[in-house]
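Biologist: Take me through one part of this model in detail, from the pairing down to the side chains. Please spell out your cut-offs as you go.

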Amino acid sequence: MALVGLPALSQQAALATPETAEIQEITVTGSRIAAPNEVSSSPIDVITAKDILLTGKSDMSDILYQLPQNFNNSLGQDFSGRTSGLTTAGGLTTADLRGLGPNRTLVLINGRRLGVGDANTAIASPAPDLDQIPTFMVERIDVVTGGASATYGSDAIAGVVNFILKKDFQGIQIDGQIGEDWHNNNNSYVQGLNTAFGNTPPTGSVKDGRNRNFDVIMGTNFADGAGNITGYLGYLSSDPVTSGARDFGACQLDANSTLTGAVCTGSSNSNQWTPNPVNASAQFGVVGNQLLPWPATGQNPPALFNSQPYIYIAREDQRYTGGVLGHLDLNDAVKPYLEFNFMNDKTTQFIAPSALFKDSNPNDPISGNYNINCDNPLLSAQEASVLCSPAQIAAAAAAPGTPCSFTTPPGGTAVLSPNCTNVRIGRRNVEGEGRNTYFEHTNYRAVLGSTGDFATAWSYDAYGSYYYSTLFTSNNNYLNFQNIDNALQVTGTLANPVCISGGSCVPYNIFGTGPITPQQLQYLYLSGTAYGTVTERIVHGDITGQLGKYGIRLPTANDGIAINVGAEDRRDTEDFQPDAAELGGQLSGFGGASAPINQGIGVTEEFIELRAPLMQGKPFVKDLVVDAGIRRSDYTTSGVVNTYKIELQYAPLDDFRFRGSFQRAIRAPSIVELYNPPNVGQIGFSADPCAPPITASLAQCEHTGVTPAQYANGTIPQLVASQVSALTGGNPNLQPEVAISYTMGFNITPTSLPNFTASIDYYHIDLKDEIGEYPANVLLQQCLATGLPQYCSQIVRSPTTGGLTGATVAGGGYIIQTNVNIGSELVSGFDLQANYKLPLDRFGTLLFSLSGTYALHNYTTPSPQSLTYDCSGLFGSTCETINPKWRQNLRVTWSTPWDVEVSAFWRYIGKVSLDNNSFYPSLAYAEFGAYNYFNAQIPAYNYLDLSVSWNVLKQLQLRAGVNNLFDKNPPIVTSEITAGGQANTYETYDTLGRQLYAAFTAKF
């Protein structure tokens, strides 16, 4: 996309000749004061409607993720249409400037705040949903770097994304587009790994991911041109793409034992049995009606289950948008306006079938596993002898048909009744279908207000807005822990088995002595649903005085002083209510229980901004302007907090303009961060070094709570699918985050080189009192290394298994990840923008547009006692995503005199190195325990996109293009350092292959 710096455009306006120049007051993002030929004091990237058309993208997240300043971080809970299916929440897209998190990027529509897009309490960083932005209605997107809290309030830590929608539209415009992905599976290395694993990988060419959209804009003036009403309707549909449709994602890749390569593997939650404590150090698999040492030939299900073919790497989506924008200028003093936006988005995400997941049963107080009565008639004699001791078999025979029960002595742990055995079972539901999660988001946004001018120099803007978002989610084809427990306790005979619990229970025959029937599965299946709402009510009013019209100006300046004063009241609520199945954590493979919430917060704010030209039109001082602002915010939760800004612009000549800003920004804690109840879920993680294959010493593991017996026996369960259990929860005592940011830079518009503009800006954002959790990897590694209580107290191992795969708060087996004001981050670097228009005489013009970012530092200090590490130029599970030093976009567009425009877009992502191999003590060997050669570095990546447009008629334009022209494969990394379920790569890169599209625009 062509990213044009707004300062450059404004400066070009200033160079217009007096005869043609039109003095126009412009309000830029980051200030509420309009001024002639305003130039922003903060760096701004502008994406125009034309830029959006040239990308061929219909989804806003795909457009923003190409920005060098924006990040895509699944491990950090950034969301998009390509978020891993193993993420509990989903069905939305977010923006994440500078990689500081989507909740630290403020999103505006027409300069007004957009509310949180999803009520799901599993989202740790709630943020607006960009799916509700109709791409075809966007006039431009302003992306502002640095804090802007003094202007807009909370959340503008990293910057602001302001979507300016089209207005004053006349006529009818119809847009349509169709596209698909076209990829050649030619990665021979990964294909060979799949074959060695016993998997048949995809080969050759594949076309999938068909997407289509159809949009209409209608508008008309009325009241003799004093008013306009513009309406729009949009439809988008996208087909899913599975990880198994790409050879690089056809299986889960893990690092091999020497860390020099990768191996295809799968989940051991497939057909693995460990009797506890009868054969606690042995593992078995069902072959026929026998339990043989695992892995065994002929196992069905297989020893390892390949989940990747089920998981979507691009989700299915169907979206409807609509809205209306209108205004009527009754007179200079009263100009009412309205905005209304609507979206309904339905999407489904698929993952692998459910299972009896090891160490995950919340109903079992022994080990979080499964209990079987030893006289179960579905057990063969050989299986009973493996799972049960002679004493257990005798006890069961003495009291046939007795259910399993527990007794807990005072101060002790639960003891299982003597007729039953506790078995660690990982058994995949291969007879059933994959799990799926359905998300439906419906959003409404309404704004009603008025602007006007009065008393010669004054203007006002007053409005009320109401935002309402609903979420319905349904999780289907999950097995039910409670019914699993019932169906494994069986009496009767092999020919006529009956559940001991009676009722509608159907015995579950996973022992190979008979078939698994649809009736068995029907009893086991359980769907979980949840419904949630988010609301935001805003009442806002401000007045602006252009005091220069009263002659109030400095004697050294031409323009007058301007002031803006206003107040705002904002009320947010969040209500999320899961059903009994999700509340009780009974969905096997869901990742724990859902957390309900019904809370709200409010804030009342007053603000003032002053713009004062200090000197203008003097030798070597063409323009010297200062802008200052302060905002007082009084929160119902944390009390009063102040933010402020000081900005300066200095143009010695027409050709140069220097600019700088210093700002104090804040982010108030969200409702989820304040009030989420304690809950055990799962987060991405590498591996437990105290579980086989053990890489830590006994002394180190004892620091984390492992007993010598557990260490010696080697029975601690290893993590599954690179996910560790985590105890999350809110903290009502949280205080706002505070960021001190400053920018310094300059614009160049040389008169000796017409049609050339450029800007270079340094940015520096220092975030303190960061709300978050200790990074789980850092906690575990520091506990292993130091044994200090501030780290080790956060590691809560299961008292029975020693594992970190727990399912309940009381049962242990997790890393504590509750919210605290504890961390700090510092990001700094340079932004570069350049634009040049080269006339080609009778052959048209060439337009060059460059936007790039160089990251100097990306420091993280998890806590005051922790060591600081720098993720700039790194990637991995601690640094979470791709953090290149240099990233750029360059677009070259040839506008021909024949109504044809051809554009080439070069996207560059710099090389990154693995954080595990870094010299920082907090990072060194934190994930793999040694130097990782296979994942050591991802080289620089180059992508080329081409597009062409043809104005067939004045009313008809045809477009076509191809993104990722050369179908470049994404880099291959192993699963230990990516989000669970990812296709062995990062979404930062193109995972779908070559993307083709064709489109039209018709105007009437």
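Modeller: Pairing first: two strands pair if DSSP finds at least two bridges between them, and a strand is a DSSP run of E with at least two residues, numbered from the N terminus. Bear in mind that this is a predicted model, where local features need pLDDT of at least 70, side-chain atom pairs count only at pLDDT 80 or more, and totals for chains, interfaces and linings use all residues. Residues are numbered from 1 along each chain as its sequence is written, and side-chain values use heavy atoms, with hydrogens and water left out.

A quick warm-up is the open sheet of three strands, which has the order 46-49-50 and mixed pairing. Strand 46 (874–875) and strand 50 (937–938) are its edges; each has a single partner strand, so one side of each lacks a neighbour in the sheet. Two bridges hold strand 46 to strand 49 (residues 912–914) in the parallel sense, with Leu 874 opposite Ser 913 in strand 49.

Now for the close look, at strand 27 (residues 458–480). Strand 26 (residues 434–454) runs antiparallel to strand 27, and 19 bridges join the two. Across that pairing, Glu 440 faces Phe 472 of strand 27. The two make a hairpin with three residues between them, and Ala 455 in the turn has a positive phi of about 50 degrees.

Strand 27 is also joined to strand 30 (residues 525–546), again antiparallel, by 20 bridges. Here Thr 470 sits opposite Thr 533 in strand 30. Strand 32 (residues 587–588) pairs with strand 27 too, antiparallel over two bridges, and Asn 480 stands opposite Leu 587 there.

Zoom in on Thr 470, which belongs to strand 27. Thr 470 counts as buried because its relative accessibility is 11% (buried is under 20%, exposed over 50%, partly exposed in between, with a 1.4 Å probe and protein chains only). Leaving out residues up to four places away in sequence, Thr 470 touches Glu 440, His 441, Thr 442, Asn 443, Tyr 531, Gly 532 and Thr 533 (contact is heavy atoms within 4.5 Å).

For contrast, go to the surface. Phe 454, Ile 543, Val 565, Ile 608, Ile 630, Tyr 644, Ile 646 and Phe 662 form a nonpolar patch with about 630 Å² of accessible area together. Patch members have over 30% relative accessible area and no salt bridge; like charges are joined within 9 Å, nonpolar side chains (Val, Leu, Ile, Met, Phe, Trp, Tyr) within 5 Å. A salt bridge is a side-chain nitrogen of Lys or Arg within 4 Å of a carboxyl oxygen of Asp or Glu, and areas are Shrake-Rupley, 1.4 Å probe, with only the protein chains shown as cover for residues. One member, Val 565, lies in strand 31 (residues 562–578) and counts as partly exposed because its relative accessibility is 36%.

Terms used:
Helices (H or I, at least four residues) and strands (E, at least two) are DSSP runs, numbered from the N terminus.
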